[in-house]
Structure formats: structure tokens, C-alpha cells
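Me: I should like to learn how to read the features of a protein model in an orderly way. May we look at one together?

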Amino acid sequence: MEIVLVGLNHRTASVEVRERVSFTVEQARRAAEELRTRGILEETLVLSTCNRSEVYGVPPESSHECAPGLSSFLSEFHSVRADVLGSSLYHRYDRDAVRHLFRVSAGLDSQLLGEAEILGQVREAYKSAHELGATGPVLNRLFQGALEVGKRVRTETELGTRPMSAAAAGVKLAERIFGKLKERSALVLGAGATGEQVVSQLRDRGIKHLLVMNRSHERAADLANQYGGQVVPWGEWDTALQGVDVLVSSVASDEPVLRREILERAMAARGNRALLLMDLGVPRNIEPAAGELYNVYLYNLENLTDIVAQNRGARESEVPRAEAIVEEHVGKFLSWQASVELVGLVEALRVRVREERAAFLRERVASMHSINPGEVAQLEHLIDELLEKLLIEPAERLRGEKELRRKIQNVEALRDLFLDRREKP
Amino acid sequence: MSHLYLILTTAAYLLSLGAYAAFLSSGKEIAGRAGTLLLAAGLAAHYLALLERSRGLHTVPYHDLYGSMSLFGWLLGLTYLGLEIYHRQRSVGAYVLPFMLVFFLAAQAAPPDKLAPPPAHGPIFAFHVTLSILAYAAFALSFVLSLVFLMQERLLRTHRMGNFVWRLPPQELLERMSQSSVLIGLLSIAVGTAMGFVWVDRLQGQYWYYDPKYIVTLLVLLLYLLYFQLARTTAWRGARASKLNIFNFGVVVLSFTVVNFYFSHSHRYF
């Protein structure tokens, strides 16, 4: 019941290698099936995101023995030479594999510390493998634990609460001012990449209306079509600014496109309803003096970048708390694993003792002429009773006492002590 | 008040303040829930303290400065708890609890009443005073919410986000909570004042006699109506309305203290 992990991520492999070794959903399913059919793994799960490809499994034999076969499989499956792949792959076993997955799920192993998407990706990978029947009791327990860790880290720490990109910071600011964005409207000036990131995030937050204004009508129409918005002709400020709550600007222009006077007029027309201006243009698109207007909140790219820098520090300070949650759950999982293994060990020991008892009696009773079959049966019964008492009590204690399971660190040692290796349960 | 209720109330309020502050700084949901539960426990203990005092006096427990301040603190907490549950927002608790604690503890230090109590009996008088103090408490809560709004507004406009701005309620919600609180205050003061006139009529056989308190109460009513209107519909929405709200509360404090002590003929502590 050991666990093995073989994989690569943004720290160990270049983008090119990561791209070659990534799995689509269909490929992940096929790989899981093949790994089990070939007998490399008994339980298996493939986790593939843009930054990592990892195969988790329960091998039929020792996890260390199975790892080379797993590496070869990955090389063969993706048609990547073993020497290219070899330097990028990492191998983790048992406790380290469990800790690694829990850290991944918590967002501690992500390129962007504390990112939220990974938890959904772990959930999807588990769902897919579970539906396929590729997971068993060990991986089910392991991944349920990983999902719990991810959830706890997100609710009990601030690792994932602060925005870490200018776009996300802008959207969070909008929520600071307006609350939920479901009844709000946004105007996007320009159709650049940064502006598009904000639009995408605003849409994710359910913004109700989206207006797009760009010098090139075609590009505005493309962006509007992509995100379900509406195109407003360039320069129609009074119409566009009347009903919006958030304005995102990322226009390539040497001079500000939005002057204070335009916004002053717009604010008067809107009855001074609050307006958040996100100026993502370099040079700036909105005249800085517009920020002095009543109920106008003006943020330029530098302001948003400063917020991101503050948040990065805040996230890093949360790492120890997140690590503590990870360690707590690693301990829980290992305790569960030990309980299952120990109970199995006791059962195997019981079978062996019965066999030994039978052989022992056969040998000794044969030399005792005065003993009759009835007495032999009685003797067998008494010895069984004694052996059961000696074995059942520890088995029951192991089931019930978590602390005892924790103390027994090395089940392998017990197994080696009382059973032959070939008799492993 | 028995020492038991004093200790229980103070402890519950202090712990609630600690839990709300922890929620504000760490964002831990469990700390917020603890804050709410401890506030509810504190309000229950505070209520028992008021009840005990009422039984001892054989009348409503607020014809002196102690009772009036204590009831004010209790109603402030109750109004806040109602708004917290209605708006599902716990981030303001850390700002409201200090006010409650100050009123509750100051009430313990208030001098004993040397004047004869008014003929303060009967349900109409009880409603008149309770609703008036509820109105003051609601206005006080609205004042706190406006302060938080202005503080956050300043931080947002100067781009100094810090750590806890992310935990405060959105500006728009603060405005709505403040308006809800003012609405409670307006309804309470309107009904409470009407009941006061009825009670005066029963006591003296006439609805009206001149008391500066009436003028100030009318002014408070008008000022809050103005705030309620401006905050919702005109160019005053946002910081300006919040500043007006803070000014209004200044008038309430004036009515509660200077007017009561030095000018009113029939009101002393409410």
C-alpha cells in the first residue's frame, strides 16, 4: 500500500518539455488505463495543468522499484527521449508524495503562490480518474484529503485572498467599492491584452453589462463578441460614461484620452454615482487630475502594481500557517494508512500463527502415544484461544487508538520481524 | 447591578471585541462567528442586568443617567446585531463594540440620581423612552458606519490599501447599512415622540407645552430625513452624506447631554 509520484513542474522542466509531457483529459484517461493494464500501478491518477504533469499511483510492489518503470512509461507515452525527460522528472514516495500533493492542492507549490485554480484542477483530475475506476481506497483517501487541505488553506489563511495581478487587483478594488458586481456595468477602452485580462475577470465575477470602445471598430467588435459585450463608437463619452460603474482603459496613446472635463461632465450627469477608473495604459490614458473629482476612484498601473507587491508580501507571510495545515493532514493520512496496514499485518500474523500451531501440534503430538484424539482437539482449541487472545487484543487496540498507530512509525519493520517478505498482506 | 451580570457582560463584550478584531485582521470566519455569538451572550447578560435593575426600582430602569446610558449601549448592540444578520456583514463589529463597552462601563461610573424620579410609570412612557433611546442608538450606529465609510474612502482614494481594507464591507454596503440604521432611528424617534405627547396629555391634560427638547428633537428628525434623502438621490451621496450624518450625530449628542442637563424641563437622561 505504498504511494509513488513521478512528475515534472515549472521548477524542474522548461516550457518546451512541459508542453510535450502534458496530458489532455483523454490522454490522462488512456495513460491511467495503460498503467493499470500493464501492471505498473494498481491505482493511478494523472494530474496535468499548464505548469505540471504528475502521475500518482499505488504500485503492486515497492514504490521505489516501480518508479523507473513509471518514468519509462512517461517517456514512451509522450515519445520523449528518456535522457531528456530524466533530468526534469522528480520522484516522491509515500510520506513525501503525500506532502507534495497536499502542498500542490494548497497552492504552495504553484508558480503564483496561493493561486486558486489548482484546487479545481486537482478536483477535476480526481473526478475523472474516479469515474474511470482508476482510483482505489488509497488514492480516494489521498485526494479527498488533498481537496480538504486546499479548502482549509483557502478559508483559514489569506494565502489566496489577495489579488496577485494588476487585473485581479483592479477587480477586487471594484468589489471594495460596489460589493457584488452582478448588477454593475463596465466600459473597456482599448482592446489590448491587459484590458482583456480585466474584462475576463469582470465577466467571471458576473458583471451585468459590458461596453467596449476602441478606435478600431473591428477589434472592439471582436472583444465584445468574445465576452458578450456591446460596442460603443469611439469618442461618445457622454453616452458611454452615463451608466457605467467601472472604466478600464488600456489605449496606446501618447496623450491622455480622458480629460478631467469629460469626467467632470459625466459625473454631473450621473448624479455623482461612484466611478472606478482603472488606467492600465502606459503612458497614462486618464488625466491624473480626474482623480480629484468627487466620488471618482482613479488607479493607474503603478498603483495597481504597488497593491500586488504588498499582497505578495502578505501571501508569503501566510505560508507557515498553510504549511501547518498541510502537515496536520499529512499526519492524518499517514495515521489512516498505518491503521489499514497494521490491521492487515495483524490478520496476516494470525494466519501464520495458526499454520505454525497446526505444524507444531502435528510434530509434537505424533510422539505422544498416551494422548487421544479428543484431547488433541481440546489442546488445539486451548492453544487457539490463547493465540487469539494475544493477537486480537493488539488488533483491537490498533483499530481504536490513534496515538498508538502514530507511535508505530515503521510497519515494514514489524512485517520483517514477524513475517517473511513474501508473506506480505 | 449584581456583580455577576457586570462581570459577565463586560467579559462577553470584551471577548466579542477581540473576536471581531481577529476577524478583521485575519479574515478567519470562525473568529467572526465567535464575535457574533459572544455579542449575543453579552446582550443577554446585559438584558438580565437591566431587568434586575428594573425589578429593584419597580419601574423602567432608565430614569437616571446610569439606566439611560446602559440601555443606550444595549440597544446599540441589538441594532447592530440585527443589521449584521440582515446584511450578513461582520466587519464593522470591531468598531461598534468599543462604543458599547464605553457606554456600558461609563454607566457604572455615573453618579447616583439626586433628583426625584419622574412619575415614570405605564407602558406608554416605557415605549416613549425605549423608542427614543433606540433611535439614539440607531443614529450612533449609523455614525460609526459613516466613520468607517469615510476612513475607507480616504484609504481607497489615496491608494493606501494596507491589510485590513480588504476585510471591511464594500463602500456601497456601508452606505446601505448606514441608511438602514437611520431608517430604524427615524421610525423609532417618530413613534417614540408621538407616544411622549400622548403620555404628557394623560399626565397634564395637554399635548403641548414649550420645552427646548422638542425643538431639538424636531431638528434631529429633520436633519436625519435630509440625510436619508440626500444619501439616496443626489450629488451628496457618498462622503458628503456621511459627513452630514456625522454632523447629525453631533446634534444628537448635544440633545442627549447639554439640552437634557441645562435646558429641558422634562427630559434628563433620554
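Reply: Let us begin with burial. A residue is buried if 20 or more other C-beta atoms lie within 10 Å of its own, exposed if 12 or fewer, and partly exposed in between. Please keep in mind that the model before us is predicted.

Me: What percentage of the 425 residues in chain A is buried?

Reply: In chain A, 39% of the 425 residues are buried. The chain has 17 helices and ten strands. Of its contacts with a separation of 6 or more, 73% are between residues 24 or more positions apart.

Me: How is the burial of a single residue, such as A:Ser88, to be read?

Reply: One counts the neighbouring C-beta atoms and applies the cut-offs. A:Ser88 has 19 other C-beta atoms within 10 Å, and because 20 are needed for a buried residue, A:Ser88 is partly exposed. A:Ser88 belongs to the loop between helix H4 (82-86) and S4 of chain A.

Me: Which residues does A:Ser88 touch, leaving aside those up to four places away in sequence?

Reply: They are A:Leu8, A:Thr12, A:Ala13 and A:Val17. A:Leu8 is 80 residues from A:Ser88 along the chain, yet the C-alpha atoms of the two are separated by 5.9 Å.

Me: I should now like to turn to sheets. How do the strands of a sheet pair?

Reply: Strands of a sheet pair through backbone hydrogen bonds, in either a parallel or an antiparallel manner. Chain A has an open sheet of four strands with antiparallel pairing, in the order S2-S3-S1-S4. Strand S2 (43-48) and strand S4 (90-93) of chain A are its edge strands, each pairing on one side only. From one strand to the next, the twist averages 15°.

Me: How many bridges join strand S1 (residues 4-9) of chain A to S4(A)?

Reply: Four bridges join S1(A) and S4(A), which pair in the antiparallel sense. In one of the pairs, A:Leu5 has A:Arg92 in S4(A) as its bridge partner.

Me: Which strands do helices H2 and H5 of chain A lie across?

Reply: Helix H2 (residues 25-37) of chain A lies across S2 and strand S3 (52-58) of chain A, and runs at about 155° to S2(A). Helix H5 (residues 94-106) of chain A lies across S1, S3 and S4 of chain A, at about 110° to S4(A).

Me: What is the order of the open sheet of six strands in chain A?

Reply: The order is S7-S6-S5-S8-S9-S10, and the pairing is parallel. Strand S7 (230-231) and S10 of chain A each have a single partner strand, so each has one side without a neighbour in the sheet. Helix H13(A) packs on this sheet, where it touches strand S9 (275-279) and S10 of chain A, and its direction makes about 80° with that of S10(A).

Me: How is strand S5 of chain A joined to strand S6 of chain A?

Reply: Strand S5 (residues 185-189) and strand S6 (residues 209-213) of chain A run parallel and are joined by five bridges. A:Ser185 stands opposite A:His209 in S6(A), and A:Leu189 has A:Met213 as its bridge partner. Four of the five residues of S6(A) are buried, so S6(A) is largely enclosed by the rest of the structure.

Me: At what angle do the axes of H8(A) and H9(A) cross?

Reply: The axes of H8(A) and helix H9 (residues 193-204) of chain A cross at roughly 45° and come within 9 Å. The two helices are therefore oblique to each other, and their crossing is right-handed. The residues of this contact divide into six nonpolar, four polar and no charged.

Me: How do helices H5 and H6 of chain B pack?

Reply: Helix H5 (residues 123-157) and helix H6 (residues 171-204) of chain B pack at an angle of about 160°, with their axes 7 Å apart. This makes H5(B) roughly antiparallel to H6(B). The crossing is left-handed.

Me: Finally, how many residues of chain A are in contact with chain B?

Reply: There are 21 residues of chain A in contact with 18 residues of chain B. The elements giving two or more residues to this side of chain A are helix H7 (137-156), helix H8 (166-178), strand S10 (296-300) and helix H13 (301-317) of chain A. By class, this side of chain A has seven nonpolar, eight polar and six charged residues.

How values were computed. Residues numbered from 1 in each chain as written. Chains lettered and ligands numbered in written order. Predicted model: local features only at pLDDT ≥ 70, side-chain atom pairs only at ≥ 80, totals over all residues. Contact = placed C-beta atoms within 7 Å. Nonpolar A, V, L, I, M, F, W, Y, C, P; charged D, E, K, R; others polar. Axes fitted to C-alpha atoms, helices over the stretch in contact; angles between N-to-C directions. Parallel < 35°, antiparallel > 145°, perpendicular 65-115°, else oblique. Left-handed = near helix turned anticlockwise from the far one by under 90°. Pairing = 2+ DSSP bridges.
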